[in-house]
Amino acid sequence: MHEGIFGSSRMKSIRKAAEVLRLLADPPHEMSVADVARALRVTASNASRILAELRDAELLYQDPATRRYRPGPLAMRLAAGFQQTTAILDCIQETMPQLVGRTRHTAWAGVLDGADVVALRTQHGGYPVRFDIELGRRLPAHAAAMGKALLALLPDDEIRMRLRGKLQPTTPRTIVTMPALLAEIASIRTRGYAISDQELFLGIKSIAIAFGAQSGQGAVALSLSFPMIAVDSQAERSLVTALLETGRGVDIRIGDARGRTLPETDPIRATK
């Protein structure tokens, strides 16, 4: 039988490790080697090996005095990131109907994953022309407005590391060089929102803002997408205003005091 990317024994080890983490997710959040061996119905030596691997990966911490195991620093960071992302996503999802009702265009929410942005939430608008992508789809961060808004939270060195050799075009308008992308990222940081001007799909423009820590941890983006034929420069300015005003409301709810400046001029248009 084909085992996929992992062999059968490796998959069993991963499942056992996941079972250990589930056990420690419940009070008292602490177990000994013997406790784990009994719970998993494995030998003490196997339980010790699994626990040691999780400890070395910082998913578990072993108390030097009691020799018992509890959630480690990486597990705590994962939990904190999950809670922050979920809280922001919930706030964004609650604001989406009002934003879409105001603009008539489709709203999206997504998170950064490596060199991609993943679409997690959507609210379709009432405009008769729209485009659609399935939730969970990965999109190249350098071409998507949500991706660029999230990349703008990161230092340039991390952007280079994430996107090294990955600036592939999805349309003739996609940014394909790192210097050009970093120049665009600098503009996003200044104006407070990102633009994808037919860089992901021809005929479609998107604007996006990001929420979350300046480190990018737990950050979520909110975007509006609209067909170019439907929006002139004045209408686009009103869309940017609506998006930023929605962002202000989310900022208040999540305790983000960065502030968002509403545009005084028409949104910057790509000149490529």
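Reader: What percentage of the protein chain's residues count as buried?
Author: This is a predicted model. The protein chain has 272 residues. Buried here means under 20% relative accessible area. The share that counts as buried is 43%.

Reader: How many helices and strands are in the protein chain?
Author: Both kinds of element are present. The count is 8 helices and 8 strands.

Reader: At what angle do the axes of helix H2 and helix H3 cross, and how are the two oriented?
Author: Helix H2 covers residues 33-40 and helix H3 covers residues 44-56. Their axes come within 8 Å and cross at roughly 110 degrees. Angles of 65 to 115 degrees count as roughly perpendicular. H2 and H3 are therefore roughly perpendicular.

Reader: How do the residues of the contact of H2 with H3 divide into nonpolar, polar and charged?
Author: H2 brings Val33, Val36, Ala37 and Leu40 to the contact. H3 brings Ala44, Ala47, Ser48, Ile50 and Leu51. The division is 8 nonpolar, 1 polar and no charged.

Reader: Which helices and strands each supply at least two residues of the largest nonpolar core?
Author: This core has 32 residues. Leu150, Leu151 and Met178 are among those with the most contacts inside it. The elements that each supply at least two residues are strand E4 (116-123), helix H5 (145-151), helix H7 (178-191) and strand E7 (204-211).

Reader: Which residues does Met178 touch, not counting those up to four places away in sequence?
Author: Touching means heavy atoms within 4.5 Å. With residues up to four places away left out, Met178 touches Ile159, Arg160, Leu163 and Leu167.

Definitions and conventions: Residues are numbered from 1 along each chain as its sequence is written. This is a predicted model: local features need pLDDT of at least 70, side-chain atom pairs count only at pLDDT 80 or more; totals for chains, interfaces and linings use all residues. Side-chain values use heavy atoms; hydrogens and water are left out. Helices (H or I, at least four residues) and strands (E, at least two) are DSSP runs, numbered from the N terminus. Buried means under 20% relative accessible area, exposed over 50%, partly exposed in between (1.4 Å probe, protein chains only). Axes are lines fitted to C-alpha atoms, for helices over the stretch in contact, and angles run from 0 to 180 degrees between N-to-C directions. Angles under 35 degrees count as roughly parallel, over 145 as roughly antiparallel, 65 to 115 as roughly perpendicular and the rest as oblique. Ala, Val, Leu, Ile, Met, Phe, Trp, Tyr, Cys and Pro count as nonpolar, Asp, Glu, Lys and Arg as charged, and the others, Gly among them, as polar. A nonpolar core is a set of buried Ala, Val, Leu, Ile, Met, Phe, Trp, Tyr and Cys residues joined through side-chain atoms within 4.5 Å.
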